[in-house]
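Got the viewer open? Let's walk through the model one selection at a time.

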Amino acid sequence: MFEHLADYPGDPILSLIGAYQSDGRPEKVNLSVGIYTDAQGKLSVLQSVVAAEQHLRKRSLAPSMYLPMEGHEGYRLSAQRLQFGNESPALAEGRIATLQTLGGSGALKIGADFLRQWFPGSSVWVSDPTWDNHIAIFEGAGLAVKKYPYYCSSSAELAFEGMLKELSTLPSRSIVLLHPCCHNPTGLDLTNAQWLKVIKVLVERELIPFVDCAYQGFGEGLDQDAFAIREMERAGLTFLVSYSFSKNFSLYGERVGTLSVVCHSPQVATKVLGQLKATVRRNYSSPPNHGAQLVDLVLGSELSTLWRTELEEMRLRTSSMRELLATLLSDAGLPLGEQLRRHRGLFSYTGLNKAQIGRLRQEFGIYLVDNGRMCVAGLTMEKTPYVSSAIVEVLLHRE
Ligand code: LMR
């Protein structure tokens with residue numbers, strides 16, 4: 001019956017988790033999947049989350065009722081405040097429809113299905129390059145995916161003029177996927193002034209922004225990283241925000257995310273929420289409880305101060321590892337060192353080609369994604385000199 005099926009080549013990012021785990025070399029380094037690891041190279045457990053977990057365990061076991069299709073109410077509200085800010089007029093006026101989702105990917109999928117249903121003639125425009133799964137999710141939902149310029153490989157800089165020019169030509173109601181901070185995979189973000197220019201075009205061309213926010217707090221800080229989202233609201237745009245707590249709560253396995261749609265009136269927000277619930281119902285009915293309870297307990301209590309401190313520590317450790325690698329590469333005479341200093345968040349685009357990435361993996365046990373993306377949050381003080389000399393080796397010395 002199924003002999004004709006194509007073989008699955010594996011996901012370009014997730015397949016590297018298994019490959020890394022089965023690598024027996026003690027010197028191996030995982031710089032592939034977007035996961036923050038601590039100074040010892042271990043997956044972090046945040047103390048704020050531990051405290052929330054202990055609090056939950058102390059309660060007597062509640063009967064496990066289904067959550068509503070839209071998810072945990074307190075969690076949805078906490079997530080809205082974090083993303084849009086306590087002062088958000090749209091929030092106060094009930095103009096934001098928010099769903100709890102299965103991580104950021106689940107939010108993208110629900111948003112993609114929703115847009116396909118109500119804007120069947122629209123295409124989605126993604127940055128070139130973008131996270132591979134953006135393309136897979138939108139195409140999987142039946143939408144045509146096209147690319148706008150984002151990165152100039154010869155200068156290793158943002159292709160901002162090209163981006164703005166392309167966006168200025170899009171038909172009205174085109175969907176534009178944007179990364180508000182910590183661009184995946186390049187690490188190159190727009191400045192605030194550049195965001196304002198993009199937002200002007202989004203308004204003028206009547207485009208539908210879809211903002212994918214998976215790394216809030218890892219770029220410049222929690223509020224700074226929400227600049228684009230809050231300015232879009234201020235500009236009166238109707239837009240979508242997919243959001244992930246996987247990284248900033250280190251809760252990868254709990255699948256905690258949200259999808260929000262900022263609308264012009266509470267009446268429209270109610271209709272939108274209804275259609276999003278219908279989309280959830282025909283995909284998986286309702287989301288799971290545990291991760292949402294943890295996030296809500298942290299954000300809705302005094303534990304949020306501890307969480308903010310822990311997140312800031314993760315951000316600072318990541319940027320100090322990037323700086324250490326940049327210094328070592330610059331000392332070795334490589335321009336890549338200076339390029340890294342322009343990047344923010346978990347990722348840096350190295351410009352290494354597939355053959356060089358292959359050599360790093362095979363000869364040194366250093367895992368990057370084939371497109372040249374490095375997760376700098378996987379570096380440690382101990383391993384960075386080793387990674388730097390391996391990069392120097394593959395860049396300066398041929399096999
Ligand atoms: C990444 O980009 O590595 C992460 O977002 C994990 C994933 O699902 O690809």
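Start by selecting helix 5, where Gly103, Gly104, Gly106, Ala107, Leu108, Ile110, Gly111, Ala112, Asp113, Phe114 and Leu115 are buried. Here buried means under 20% relative accessible area, exposed means over 50%, and partly exposed is in between (1.4 Å probe, protein chains only). Helices (H or I, at least four residues) and strands (E, at least two) are DSSP runs, numbered from the N terminus. Helix 5 takes in residues 103–118, 16 residues in total. Its first and last C-alpha atoms are 23 Å apart, close to the 22 Å expected at 1.5 Å a residue; the expected span is 1.5 Å times one less than the number of residues.

Before you go on, two notes on how to read all this. This is a predicted model, in which local features need pLDDT of at least 70 and side-chain atom pairs count only at pLDDT 80 or more, while totals for chains, interfaces and linings use all residues. Residues are numbered from 1 along each chain as its sequence is written, and side-chain values use heavy atoms, with hydrogens and water left out.

Next stop: backbone oddities. Most residues other than glycine have a negative phi, and most peptide bonds are trans. Select aspartate 128 and proline 129: the peptide bond from one to the other is cis, with omega near 5 degrees. Proline 129 is in the loop between strand 3 (124–128) and helix 6 (132–140). Now jump to asparagine 184 and proline 185, also joined by a cis peptide bond, with omega about 20 degrees. You'll find proline 185 in the loop between strand 7 (175–178) and helix 8 (192–204).

Stay in that loop between strand 7 and helix 8 and pick cysteine 182. Its phi is near 55 degrees, a positive value in a residue other than glycine. Cysteine 182 has a relative accessible area of 1%, so it counts as buried. For another positive phi, of about 60 degrees, go to alanine 156, which is not a glycine either. Alanine 156 sits in the loop between strand 5 (151–152) and strand 6 (157–158), and it is buried at 4% relative accessible area.

On to the rings. How many aromatic pairs are there, counting rings of Phe, Tyr and Trp (its six-membered ring) with centres within 6.5 Å? The count comes to ten. Planes under 30 degrees apart count as stacked, over 60 as edge-to-face, and the rest as tilted. Show tyrosine 215 and phenylalanine 347: they make an edge-to-face pair, 5.4 Å centre to centre with 80 degrees between the planes. Tyrosine 215 is in the loop between strand 8 (208–213) and helix 9 (227–234), and phenylalanine 347 is in strand 11 (residues 347–349), so the pair ties together parts 132 residues apart in sequence. Tyrosine 215 is buried at 6% relative accessibility, and phenylalanine 347 is buried at 1%.

Keep phenylalanine 347 on screen and add arginine 373, which lies over the face of that ring, 3.8 Å from the ring centre. A charge sits over a ring if NZ of Lys or CZ of Arg is within 6 Å of the ring centre and within 35 degrees of the ring normal. Lysine 28 does this too, with its charged end over the ring of tyrosine 20, 4.4 Å from the centre. For a bigger group of rings, select Tyr75, Tyr243, Phe245, Phe249 and Trp307, which form one aromatic cluster.

Now the charges. A search of the whole structure finds 15 salt bridges, each a side-chain nitrogen of Lys or Arg within 4 Å of a carboxyl oxygen of Asp or Glu. Try aspartate 23 and arginine 25, whose closest N and O atoms are 2.9 Å apart. Aspartate 23 is buried at 11% relative accessible area, whereas arginine 25 is partly exposed at 24%.

Then select arginine 234 and glutamate 231, which meet in a salt bridge at 3.0 Å, N to O. They are three residues apart in helix 9, so about one helical turn separates them. Arginine 234 is exposed at 64%, but glutamate 231 is buried at 15%.

Last, select arginine 315 and glutamate 312, a salt bridge at 2.9 Å, N to O. These two are three residues apart in helix 12 (residues 303–331), again separated by about one helical turn. Arginine 315 is buried at 14% relative accessibility, while glutamate 312 is partly exposed at 30%.
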